[in-house]
Amino acid sequence: MDGMRSLDAECVSLAYLDPPFNSGRNYGTVLSTSRPVKSETSHVFVDTWRWSDSTGRLLDELGEFVSKSVSDLVHSLVKTLGPNPTTAYLVEMAPRLSEVHRVLRRDGSLYVHCDPASSHYLRLLLDHIFGPDGFRNEVVWKRTHAHNGSRRYGPVHDTILFYTKSSEYVWNPVFEPYQDTYLEKHFRKNDDRGSYQLITCTAPGDREGTRAHYEWNGQLPPPGRHWAWRKEKMVEFEREGRLVHSTNGVPRLKRYSDEGRGVAVQDVWLDINRLDSHSKERTGFETQKPTALLERIVAASSNPGDLVLDPFAGSGTTAVAAERLKRQWISIDSSITACAITLARVRQEMNLANVAVRGFPRDADSARQLLRTSPEGFGIWGASMLGTVPDRAGTNATVVVGTGSLSSRSRSVEILSWVPLAESLDMSVPASPRRRLSKLALILRHNRSARVAESWLKRHTNTPVHMIEISDLVDRNAQRKGMNSKLPELLREAA
Ligand SMILES: C[S@@+](CC[C@H](N)C(=O)[O-])C[C@H]1O[C@@H](n2cnc3c(N)ncnc32)[C@H](O)[C@@H]1O
């Protein structure tokens, strides 16, 4: 909440919220795709909201954060349904959704990712906050394959609610490529150029007296319609052999299957698969959404340069999609591990260019302070600043191990990182998911055990090992360039 409160009003073009769902599951912190996990040690977050004293206090103070009508609505829902995980979820979401409404621009959009068990309550809240006219879609995203539900239909979809702040919102229509079955059904005819369908040459509306109303082949457009193209264009189509005339002279245009933009995406999304254990982009963060899902949302509801906000960032998928589509972005999460994965992913995406961070060390002194107060937090921060995601299998109380990949020239280089936390180290080398990539091993040096790590690695891998200083990550030069010139040089050599 504090992160959002610090934002100016009306500065965000698109907000995507994927809050915990009330599934009651614990999501493991640790993060690795490189080895099977032996034991679970800690958690990033419990995917549930529980009614607690602090929920009761927030309910009492709700009027300070939301409008009276929203506060009245939440109070009446709590009164009707009682204090339970669902109403705790609503009490927590109401101020957050109101904050999002405040920071959205007039032409801004909101997407809330939820599950069908709670989407109807969220819609009540959102209709109050955005007004019923703000509702655009309830998108059904088929997120998983069919499975046998016990005594009910298998739940395979998530719900994504789409609202806009006004009717003047950014909208870039999105298309998906024609499916084979669609092509077979709709593009049945063929000529030398390929498969085509015949489409009408007229459009609705009588435009008599304009350049859209003329005689073609002795025919005027039918009453109430006009020609869809000016005469010059029709002549061009005819010259190209693209017009087919019926026996009574009505023209139709050949539209080839490779010309169309595809089929406009509707509100049921079946074409974006969930991440599975083979997905390259998988970080090991359990609720990680596919980048393709966020790319669709970001492309449809923002323009390059716009600011995209994700207040429940998780593994940073929104930031990665925004970065790829040249939007600015802000990601917020209450879990340091989630922030670290986000940071690692966007640092990889941006080839280590600088990311402004809050709540994470920004200079060498605060990094050392974090090491004293929270060695594990320091290790996770260090690994993510090196563009690597902390790896569950290799990480222990003495060292945080990370893996990632960065591009150099046109090649990818796999990065392995070690952040020593103790004098004596329990070292290991993560199994490589992509064996054939060039590798670079980086050690964050902040005490003497870095040398111990270095000599161990020299004995146990033939990957070149390099020391990186804390100042390489946070000093002014590194802040400006993302990292001092050493790493790009190392990457060039490795590629
Ligand atoms: C479902 S996950 C988001 C997954 C994300 N969309 C992705 O693709 O990785 C929800 C996230 O919300 C975070 N979270 C839970 N409570 C929060 C709070 N009160 N403020 C900010 N983040 C919170 C959790 O730490 C978790 O990372």
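**Exercises on a predicted model**

The model is predicted. Its open sheet is built of seven strands with mixed pairing, in the order β15-β5-β6-β4-β1-β16-β17.

**Exercise 1.** Determine which strands stand at the edges of the sheet.

*Solution.* In the order β15-β5-β6-β4-β1-β16-β17, the edge positions belong to β15 (268-269) and β17 (328-331). Each has a single partner strand, so one side of each is left without a neighbour in the sheet.

**Exercise 2.** Describe the pairing of β4 with β6 and the packing of helix α9 on the sheet.

*Solution.* Strands β4 (residues 104-114) and β6 (residues 157-164) run antiparallel and are joined by six bridges. Tyr111 stands opposite Phe162 in β6. Helix α9 (residues 317-324) touches β1 (12-17), β16 (307-310) and β17. The direction of α9 makes about 170° with that of β17.

**Exercise 3.** Classify the arrangement of helices α3 and α4, then characterise their contact.

*Solution.* The axes of α3 (residues 68-81) and α4 (residues 85-103) come within 10 Å and cross at roughly 175°. Angles over 145 degrees count as roughly antiparallel; α3 and α4 are therefore roughly antiparallel to each other. From α3, the contact involves Val70, Val74, Leu77, Val78 and Leu81; from α4, the participants include Leu90, Val91 and Ala94. By class, eight residues of this contact are nonpolar, three are polar and none is charged.

**Exercise 4.** Identify the residues that come nearest the ligand and give the composition of its shell.

*Solution.* Of the 18 residues around the ligand, the nearest are Asp18, Phe312, Gly314, Ser315 and Thr317. The shell divides into eight nonpolar, seven polar and three charged residues.

Conventions
Residues numbered from 1 in each chain as written. Predicted model: local features only at pLDDT ≥ 70, side-chain atom pairs only at ≥ 80, totals over all residues. Near = placed C-beta within 6 Å. Nonpolar A, V, L, I, M, F, W, Y, C, P; charged D, E, K, R; others polar. Axes fitted to C-alpha atoms, helices over the stretch in contact; angles between N-to-C directions. Helix = DSSP H or I, 4+ residues; strand = E, 2+ residues; numbered from the N terminus. Parallel < 35°, antiparallel > 145°, perpendicular 65-115°, else oblique. Contact = placed C-beta atoms within 7 Å. Pairing = 2+ DSSP bridges.
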